[in-house]
Amino acid sequence: MIQITKKIPVAGSYDVVVCGGGPAGFIAAIAAAREGAKTALIEQYGFLGGMATAGIVAPLSVFTYKGKQVIGGIPWEFVQRLQQMGGGLIEKPLGNVAFEPELYKLCCQRMVLEAGVDLYMHSYLSGCDFEDGSVKHVIIENKNGTEALSAKVFIDCTGDADLAYMAGVEMLPMEGMPLQPMSTYFVLSGVDTDSPMIQEAMHHNKQGENCHCLPVREVLLAKMDELGMPEFGGPWFCTTLQPGVVTVNMTRTAGDALDNRDFTRAECLLREDVFKMAKVLKDNFKEFENSYVSSVAVHAGIRESRRIHGVHVITADEYVSGDRYDDSISRGAHPIDVHVAKGASQNVTFLEQAAYVPYRALIAENVKNLLVAGRCISADKKAFASLRVQASCMGMGQAAGVAAAQCASASVAVQEADIEKLTDKLRLMGAQI
């Protein structure tokens, strides 16, 4: 154990600082900035989009449900702009969105910069300065060295609740260990995307159905030992809007993404499995006979890690029942989707109606100026297994961004937010709450 003391320069002072530039984070930053808040966005990579771009997690789901839009406002504006750029395909009637990852990066970057957000790319959150119930500064590391940013309100969109954890927020217990498995997505080029099987599999547009590719799944399950097939899920294929190219969601392994050594082990294993699986597909299915790995996700997809114990914990019962709260600020419509840590099975519960998310699930009791959005939402294991998907994260990010800007402007704690003012603004923006 060593102890180091050093002076850290404050690189910027803001109304709102958002940590994490994934689906929740970049939307939160745009929302806060458009509300007039001086806003900064911290991102560990040199591009935005998080699991959509670093993880190649496709499609974005779910924006509409049973014929009705459930996620609107800035998230839907982003989808429409991405589509206009030739980088998005809205799969009707379900409202899943297939996308081209490089254009996704460009679209988010444009919208964030247009909103006037200050970007701190290639910056890793390493700590925070916490005093009198508030986060005073976040500490980041980058090529400039160690720096600090101050803000009136902070939003944790790290996925793993890193800032909330550093600030001492209580976390929900990990129910039903082991955790859901991690998966490394990859991209195959040279695929026969005109074939009926791939056409059927790569468009995720069926209400109430699992979109995995059954013909491939059945062969793999029947010949696991013969093919030397690693553990797998799905498989799920998705179009990137490019001919001959599909994303593949197939790898899986148990692991703890909050433990550096275990996460390293898991990602090394998953990368090996990518190429094993690509060869199995190439050698056994004519649709893949000319295929090759053209890209592997920079970061493994994490289905489950820390979640805060918020002022309200969304339960599976109220989620499935579609309970609407007085402080509802967003929606969720993806099936409750629980993947087993070992094996190829998956437990899926389709919703009868789109669910609601309360503002109280974005805040903790003991930190006056911190909101969360995205995968660190305050929800039990089953409700969370629906809410962790990207459209839901975007909706939460929009609400968190507006709330943060309003609280910063009014100089009030996030627990004292004006819910009527917040929800009125969200509806005006197009949120379906």
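# Worked exercises on a predicted chain

Helix 1 covers residues 23-34, and its twelve residues reach 17 Å from the first C-alpha to the last, close to the 16 Å expected at 1.5 Å a residue. Keep in mind that this is a predicted model.

**Exercise 1. Work out how covered helix 1 is and which elements its buried residues pack against.**

Solution.
- Step one, the count: eleven of the twelve residues of helix 1 are buried, so the helix is mostly covered.
- Step two, the names: the buried set runs Pro23, Ala24, Gly25, Phe26, Ile27, Ala28, Ala29, Ile30, Ala31, Ala32 and Ala33.
- Step three, the partners: these buried residues pack against strand 1 (10-19), strand 2, helix 2 (74-84), helix 3 (101-114), strand 10 (145-156) and helix 11.
- Step four, what follows: after helix 1 comes glycine 36, with a positive phi near 95 degrees.

**Exercise 2. Check whether the span of helix 11 agrees or disagrees with its number of residues.**

Solution.
- Step one, the expectation: helix 11 takes in residues 390-410, and its 21 residues should span 30 Å at 1.5 Å a residue.
- Step two, the model: the end C-alpha atoms of helix 11 are 30 Å apart, so the two agree.
- Step three, the cover: 19 of the 21 residues in helix 11 are buried, which makes this helix mostly covered too.
- Step four, the exit: serine 411 sits just after helix 11 and takes a positive phi of about 55 degrees.

**Exercise 3. Take glycine 401 and find what it touches beyond its sequence neighbours.**

Solution.
- Step one, the place: glycine 401 is part of helix 11.
- Step two, the cover: its relative accessibility is 0%, so glycine 401 counts as buried, the cut-off being under 20%.
- Step three, the contacts: with neighbours within four places in sequence set aside, glycine 401 is in contact with Ala28, Ala31, Ala32 and Ile155.
- Step four, a distance: glycine 401 and alanine 29 are 372 residues apart in sequence, yet their C-alpha atoms are 6.0 Å apart in space.

Helix 11 is also on the list of elements that the buried residues of helix 1 pack against.

**Exercise 4. Do the same for isoleucine 198: is it buried or exposed, and what does it touch?**

Solution.
- Step one, the place: isoleucine 198 lies in helix 5, residues 196-201.
- Step two, the cover: isoleucine 198 counts as buried because its relative accessibility is 0%.
- Step three, the contacts: leaving out residues up to four places away in sequence, isoleucine 198 touches Val191, Asp192, Thr193, Val246, Glu287 and Phe288.
- Step four, a distance: phenylalanine 47 is 151 residues from isoleucine 198 along the chain, and their C-alpha atoms are separated by 30 Å.

**Exercise 5. Look through the loops for backbone geometry that goes against the usual pattern.**

Solution.
- Step one, the pattern: most residues other than glycine have a negative phi, and most peptide bonds are trans.
- Step two, one cis bond: alanine 58 to proline 59 is cis, with omega near -5 degrees. Proline 59 belongs to the loop between strand 2 (39-42) and strand 3 (64-65).
- Step three, another cis bond: lysine 92 and proline 93 are joined by a cis peptide bond with omega about 5 degrees. Proline 93 is in the loop between strand 5 (88-91) and strand 6 (96-99).
- Step four, lysine 66: this residue is not a glycine, but its phi is positive, about 50 degrees. Lysine 66 lies in the loop between strand 3 and strand 4 (68-69), and its 47% relative accessibility makes it partly exposed.
- Step five, leucine 241: here too phi is positive, about 75 degrees, in a residue that is not a glycine. Leucine 241 is in the loop between strand 12 (232-239) and strand 13 (246-251) and, at 30% relative accessibility, counts as partly exposed.

**Exercise 6. Step back and test the chain against the rule for a compact globule.**

Solution.
- Step one, the rule: for 433 residues, a compact globule would have a radius of gyration near 22 Å; the chain has 21 Å, so it agrees.
- Step two, the extent: the C-alpha trace spans about 60 × 55 × 40 Å along its principal axes.
- Step three, the make-up: the chain has twelve helices and 19 strands, and 61% of its 433 residues count as buried.
- Step four, the contacts: among those between residues at least 6 apart in sequence, 73% join residues at least 24 apart.
- Step five, the surface: about 17200 Å² is exposed, with carbon and sulfur atoms supplying 49% of it.

Conventions. Residues numbered from 1 in each chain as written. Predicted model: local features only at pLDDT ≥ 70, side-chain atom pairs only at ≥ 80, totals over all residues. Heavy atoms only, no water. Helix = DSSP H or I, 4+ residues; strand = E, 2+ residues; numbered from the N terminus. Expected span 1.5 Å × (residues − 1). Buried < 20%, exposed > 50% of the residue type's maximum accessible area, 1.4 Å probe, protein only. Rg over C-alpha atoms; globule rule 2.2 N^0.38 Å. Contact = heavy atoms within 4.5 Å. Areas by Shrake-Rupley, 256 points an atom, 1.4 Å probe, with all protein chains shown as cover.
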